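Got a few minutes to wander through a protein? Have a look at the picture below, and then we'll take it piece by piece.

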Amino acid sequence: MSGFSWKKLFSTISCKPLANWITSKVAFHPPEPTYTLQETEASQAHDLPPVCKLHLSESANWPYSQQILDEMETFYCTTKHGNRLSCMYIRCAPGSRYTILYSHANACDLGEMCSSYYDLGSKIGCNIFSYDYSGYGASSGKPSEENLYADIEAAWHALRTRYGVPAEKIILYGQSIGTAAAVDLATRYKCAAVILHSPLMSGLRVFSPNIRRTCCCDPFPSINKISKVTCPVLIIHGTEDEIVDFSHGLGLYERCPNTVKPLWVKGGGHNDLDTFKQYIQRLQYFFYKELPTF
């Protein structure tokens with residue numbers, strides 16, 4: 001584009017509308033819901049939300065048995081903004097040292113992801129807890145950057161309260177836009193570790209990775225927050241990522257004060273890293289060799 005510059009763009013558009021535009025283009029693309037939740041019974045504890053029955057649509061592509069699906073626990077929690085979020089807990093490995101709090105990518109929901117969660121948890125021997133962002137799946141409200149941070153905070157408290165998982169045994173796993181949620185939460189709460197899968201430095205940098213300074217209208221500024229994350233951080237990024245350039249993973253790695261050896265997947269794109277054998281191998285090594293044992 002001839003004569004284009006970010007400086008000119010910033011001078012002609014106020015920060016908030018531009019930030020909202022970037023957010024809508026980069027971050028949130030809720031799919032048609034692939035599941036429904038039906039409240040079935042009251043919790044034994046009066047202060048906990050009731051258990052729900054999970055119903056998957058055909059588009060969820062569930063490859064495992066109905067028994068495994070029935071054993072997944074689903075329920076709603078409420079954010080500080082009043083949105084009701086659908087949550088899912090999968091006991092892949094009873095007695096596991098750690099539980100993953102997984103923040104998924106932008107164009108999927110719990111129904112589409114539940115088979116991947118079960119597969120991941122089974123392979124690395126870890127329980128998985130996840131949630132849908134406001135406006136995704138069966139969750140109410142509308143997706144926004146502000147809601148994203150409130151969503152993961154509500155999920156964090158739900159995991160700790162309902163299942164009694166201590167903070168030092170929770171690993172925050174973020175994928176794509178979910179990395180912004182994971183990094184933000186890790187600056188506010190102590191946890192065991194953080195895993196960033198195809199992370200973004202900030203919203204504007206998805207369009208132009210060479211931006212050096214973060215302006216007021218730049219959403220999801222993980223590049224400015226990562227230095228405050230003190231727990232171990234594993235960064236995974238594909239060298240041929242077609243959506244979030246590989247430089248984002250490198251930039252976050254350079255700013256992070258406590259990273260372990262990253263996984264740069266040669267030839268990996270944005271949505272296929274779990275198909276490379278080194279992906280599971282690196283996660284297994286991280287869980288069993290690099291994290292504390294209890």
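What follows is a short tour of some strands, a pair of helices, a loop and one more helix. Keep in mind as you go that this is a predicted model.

Let's start with strand E4, which covers residues 84-90. How many of its residues are buried? The count is 6 of 7, so you can think of E4 as mostly covered. E4 has a partner in strand E3 (residues 73-78): the two run antiparallel and are joined by 6 bridges. If you'd like to find one of these pairings on screen, look for Thr74, whose bridge partner in E4 is Met88. Together E3 and E4 make a hairpin, with 5 residues between the two strands. In that turn sits Gly82, which has a positive phi of about 90°.

E4 also pairs with strand E6 (residues 127-131). These two run antiparallel as well, and 4 bridges join them. Here you can look for Tyr89, which stands opposite Phe129 in E6. While you're tracing strands, a handy general rule is that side chains in a regular strand alternate between the two faces of the sheet.

Next, follow the chain into the loop between E6 and H5, where you'll find Ser140. Is Ser140 buried or exposed? Its relative accessible area is 31%; buried means under 20% and exposed means over 50%, so Ser140 counts as partly exposed. Ser140 also brings us back to the strands: Leu85 is 55 residues away in sequence, yet the two C-alpha atoms are 6.5 Å apart in space. Leaving out residues up to four places away in sequence, Ser140 touches Asn83, Arg84, Ser134 and Gly135.

Now for the helices. In general, two packed helices are described by the angle and the distance between their axes. For helix H5 (residues 145-163) and helix H6 (residues 178-186), the axes come within 9 Å and cross at roughly 65°. Angles from 65 to 115 degrees count as roughly perpendicular, and that's why H5 and H6 get this description. Their crossing is right-handed. On the H5 side, the residues that meet H6 are Leu148, Tyr149, Ile152, Glu153 and Trp156. They face Ala180, Ala181, Ala182, Asp184 and Leu185 in H6. This contact has 8 nonpolar residues, 2 charged ones and no polar ones.

Our last stop is helix H9 (residues 246-255), where Phe246, His248, Gly249, Gly251 and Leu252 are buried. What covers them? The cover includes helices H7 (203-207) and H8 (222-225), along with strands E9 (233-238) and E10 (263-265).

Notes: Residues numbered from 1 in each chain as written. Predicted model: local features only at pLDDT ≥ 70, side-chain atom pairs only at ≥ 80, totals over all residues. Heavy atoms only, no water. Buried < 20%, exposed > 50% of the residue type's maximum accessible area, 1.4 Å probe, protein only. Contact = heavy atoms within 4.5 Å. Pairing = 2+ DSSP bridges. Axes fitted to C-alpha atoms, helices over the stretch in contact; angles between N-to-C directions. Parallel < 35°, antiparallel > 145°, perpendicular 65-115°, else oblique. Left-handed = near helix turned anticlockwise from the far one by under 90°. Nonpolar A, V, L, I, M, F, W, Y, C, P; charged D, E, K, R; others polar.
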